[in-house]
Amino acid sequence: MRLTPLVLITCCTILSGGGAHAGSRAHFVEPLLFIAKGGVASPQVALTLDACSGQTDQRILNALIENQIPATIFVTGRWLKRNAASVAIMKAHPELFELENHGLNHVPAIDNQSEMFGLKTAGSLPAIRSEVEGGVNAMQIATAGKPVWYRDATARYSDNAIKLIHEMGYRVAGYSLNADMGASLLSGQVETRIAAAKDGDVIIAHINQPTRAAGAGVVKGILALKQKGFHFVRLNDVVEGEKPIGPNA
Ligand SMILES: [Zn+2]
């Protein structure tokens, strides 16, 4: 049995909109998340893959299984419904896959502006709560486990949303390395970004875009990291809590 590595999470805001610099745009935060460094002899990263909607990128799923690479998969209710076979495969490998909450319908947890990256936001705290709870319920229905972490659709949150999610008892899953920019990059670009990961990084990419080039780059990138001696841990291998994100963090 694999021992749980001692991992320390810290969290802070890497990006905030609004305020004096963005005119009428409301304030939001994009939390940064790291895991503890494994050290020169055993560097480690956490690979997190979002399953927003759509299908499953079998190139990535197969590579993770073949190479025994653990990953944290953020699933929406929408994706769970359409990908039962993939969910079954993930559940058959509990030593590799940790499933976490990406919301019911892939809605940004933002209550103070109407749109983020072209997606209509939840728009109110009750709507954010129902998006989070809906995701939890969908995971329960799919017997995908009880989530510990929540990541919304855009990885950006209003201050009120962060507070609410913490009050609901969930951790907010930021990241430190955006590997595929919403599965929009070319294979070589994604590969280069992942292969350049540093000890302690939390990588974000997508596992729901099988027709895009980005997925091939995810596979190449993680294999390159493995080759370099990196270990992969899941977010639940974390034993220390993340530092709460304050509105002024
Ligand atoms: Zn997503």
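1. Let's start with Thr-72. At 0% relative accessibility, this residue counts as buried, and its home is strand S4. Keep in mind as you read on that we are looking at a predicted model.

2. Who surrounds Thr-72? Skipping neighbours within four places in sequence, the contacts of Thr-72 are Leu-47, Thr-48, Leu-49, Glu-98, Glu-100, Arg-234 and Leu-235. One of these partners also shows up in a side-chain pairing: the side chains of Thr-72 and Glu-98 make a polar contact at 3.4 Å. For a long-range check, take Asn-236, which is 164 residues away from Thr-72 along the chain, yet the two C-alpha atoms are separated by 8.3 Å.

3. Next, helix H3, which spans residues 84-91. Its buried residues are Ser-86, Val-87 and Met-90. Because these three cover an arc of only 100° around the axis, they sit on the same side of H3. Ala-84 and Ala-85 are exposed, on the other side of the helix.

4. What covers the buried residues of H3? The cover includes two helices, H1 (58-66) and H2 (77-82), along with strands S4 (71-75) and S5 (97-101). Strand S4 is also where Thr-72 lies, so to speak a familiar name from the opening point.

5. On to the pockets, beginning with the second largest, since H3 and S5 each supply at least two residues of its lining. Its volume is about 230 Å³. There are 15 lining residues, and those nearest the centre are Pro-94, Phe-97, Glu-98, Leu-99 and Ala-144. S5 gives the largest share of this lining, with 4 residues. By class you get 7 nonpolar, 3 polar and 5 charged residues. Note Glu-98 here: besides lying among the residues nearest the centre of this pocket, Glu-98 has the side-chain polar contact with Thr-72.

6. The largest pocket has a volume of about 420 Å³. Of the 24 residues lining this pocket, Ala-153, Thr-154, Met-181, Gly-182 and His-206 lie nearest its centre. Strands S1 (10-17) and S11 (202-206) each contribute at least two residues to the lining. The class breakdown is 11 nonpolar, 8 polar and 5 charged.

7. One loop residue deserves a look too. Ala-122 lies between strand S7 (119-120) and helix H4 (125-141). Is this loop residue buried or exposed? Ala-122 counts as buried, because its relative accessibility is 16% and the cut-off for buried is under 20%. Beyond the neighbours within four places in sequence, Ala-122 is in contact with Val-107, Pro-108, Ile-110, Ala-127 and Ile-128. Pro-108 is 14 residues from Ala-122 in sequence, with 5.9 Å between the C-alpha atoms.

8. Last, the overall numbers. The protein has 7 helices and 12 strands. Of its 249 residues, 53% are buried. Among contacts with a separation of 6 or more, 77% join residues 24 or more positions apart. The Thr-72 and Asn-236 pair, 164 residues apart along the chain, makes a handy place to begin if you want to look at how distant parts of the sequence are arranged.

How values were computed:
Residues numbered from 1 in each chain as written. Predicted model: local features only at pLDDT ≥ 70, side-chain atom pairs only at ≥ 80, totals over all residues. Heavy atoms only, no water. Buried < 20%, exposed > 50% of the residue type's maximum accessible area, 1.4 Å probe, protein only. Arc of directions from axis to C-beta. Contact = heavy atoms within 4.5 Å. Polar contact = N/O pair within 3.5 Å; in protein donor to acceptor, adjacent residues only side chain to side chain. 1 Å grid on protein atoms, 1.4 Å probe; cavity = no way out; pocket = protein on both sides within 12 Å on 5 of 7 lines; lining within 4 Å. Points joined across faces, edges and corners; volume = space filled by probe spheres on them. Nonpolar A, V, L, I, M, F, W, Y, C, P; charged D, E, K, R; others polar.
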